Amino acid sequence: MKRMILLVTVFLMIDLITKRWINSVLNSNQRIEVIDGILGFQLYYNSGATMGLLEGYTGLLLFLQTGIILLLIYGYIRATPKRFAMQVAFSLLISGGIGNLVDRIQYGHVIDFLSVKWSSGIFNVADMFIRYGFILIVILYFMKKFTIQGLDEDPNQKPQKSERG
């Protein structure tokens with residue numbers, strides 16, 4: 001559990017520091033080309049979720065984000081074995097969720113700033129953590145690298161008798 005807390009803390013700090021930094025150097029919708037035509041920084045205050053969904057529903061988004069983070073923590077607790085790759089995947093998801101939740105609580109919106117050629121939207125480091133954490137979880141789960149107690153048991157399987165009878 002110590003490693004998991006450390007990973008969440010490190011990933012969360014990376015996200016929060018990058019968003020606070022970009023918020024201090026750019027004005028809203030100002031754009032700086034980092035790698036010409038490929039990567040740019042453009043400050044955008046996102047009051048909705050992905051692709052502007054639920055814009056203006058901050059209370060609902062706070063509720064949903066908190067619930068999802070708690071479900072992820074519960075899923076991690078129920079998952080076995082706790083190998084490093086699984087810890088990285090869950091910590092990416094949890095820290096990404098917490099990073100965007102902190103923004104929403106502190107500012108009423110999420111700070112987005114990454115703009116890449118192959119994506120029409122603007123996103124942040126927490127969004128990348130969520131995306132790649134989800135992909136890693138799915139890969140590890142279907143490769144049977146971990147199971148989640150209560151989810152992976154066959155409900156039709158009869159419990160085995162104990163040796164005592």
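**Exercise 1. Backbone outliers in loops**

Task: In this predicted model, determine whether Asn 29 is buried, partly exposed or exposed, and state where Asn 29 lies.

Solution.
Step 1. The relative accessible area of Asn 29 is 47%.
Step 2. Buried requires a value under 20% and exposed a value over 50%, with partly exposed in between. Asn 29 is therefore partly exposed, at 47%.
Step 3. Asn 29 belongs to the loop between α1 (2–25) and β1 (31–35).
Step 4. The backbone of Asn 29 has a phi near 65 degrees, which is positive although the residue is not glycine.

**Exercise 2. A second positive phi**

Task: Establish which loop holds Lys 144, and whether Lys 144 is buried or exposed.

Solution.
Step 1. Lys 144 is located in the loop between α4 and β6 (147–148).
Step 2. Its phi is about 60 degrees, again a positive value in a residue that is not a glycine.
Step 3. Lys 144 counts as exposed because its relative accessible area is 70%, and the cut-off for that class is over 50%.

**Exercise 3. A cis peptide bond**

Task: Identify the residues joined by a cis peptide bond and place Pro 81 in the fold.

Solution.
Step 1. The cis bond links Thr 80 to Pro 81, with omega about -15 degrees.
Step 2. Pro 81 sits in the loop between β3 (79–80) and α3.

**Exercise 4. The environment of Phe 123**

Task: Describe the setting of Phe 123, starting from its place in strand β5.

Solution.
Step 1. Strand β5 spans residues 122–123 and contains Phe 123.
Step 2. Phe 123 has 11% relative accessibility and so counts as buried.
Step 3. Beyond neighbours within four places in sequence, the contacts of Phe 123 are Asp 112, Phe 113, Leu 114, Val 116 and Met 128.
Step 4. Ile 111 is 12 residues from Phe 123 along the chain, and their C-alpha atoms are 8.1 Å apart.

**Exercise 5. The largest pocket and Asn 100**

Task: Characterise the largest pocket by volume and lining, then examine Asn 100 in helix α3.

Solution.
Step 1. The volume of the largest pocket is about 820 Å³.
Step 2. Its lining comprises 31 residues, and those nearest the centre are Ala 49, Thr 50, Asn 100, Asp 127 and Ile 130.
Step 3. At least two lining residues come from each of β2 (39–46), α2 (58–78), α3 (84–107), β4 (110–116), β5 and α4 (125–142). Helix α2 gives the most, with six residues.
Step 4. Asn 100, a residue of helix α3, is buried because its relative accessible area is 6%.
Step 5. Excluding residues up to four places away in sequence, Asn 100 touches Asp 15, Lys 19, Gln 65, Val 110, Asn 124, Ala 126, Asp 127 and Ile 130.
Step 6. Ala 49 and Asn 100 are separated by 51 residues in sequence, while their C-alpha atoms are 9.8 Å apart.

**Exercise 6. The chain as a whole**

Task: Summarise the secondary structure, dimensions and surface of the protein chain.

Solution.
Step 1. The protein chain has four helices and six strands, in the order α-β-β-α-β-α-β-β-α-β.
Step 2. Along the principal axes, its C-alpha atoms fill a box of roughly 70 × 35 × 30 Å.
Step 3. Of the 165 residues, 36% are buried.
Step 4. Among contacts between residues at least 6 apart in sequence, 65% join residues at least 24 apart.
Step 5. The exposed area is about 10600 Å², with carbon and sulfur atoms supplying 65% of it.
Step 6. There are 16 positive and 11 negative side chains, and the centres of the two sets are 10 Å apart.

Terms used:
Residues numbered from 1 in each chain as written. Predicted model: local features only at pLDDT ≥ 70, side-chain atom pairs only at ≥ 80, totals over all residues. Heavy atoms only, no water. Buried < 20%, exposed > 50% of the residue type's maximum accessible area, 1.4 Å probe, protein only. Contact = heavy atoms within 4.5 Å. Areas by Shrake-Rupley, 256 points an atom, 1.4 Å probe, with all protein chains shown as cover. Lys, Arg positive; Asp, Glu negative; His and termini not counted. Charge placed at Lys NZ, Arg CZ, Asp CG, Glu CD. 1 Å grid on protein atoms, 1.4 Å probe; cavity = no way out; pocket = protein on both sides within 12 Å on 5 of 7 lines; lining within 4 Å. Points joined across faces, edges and corners; volume = space filled by probe spheres on them.
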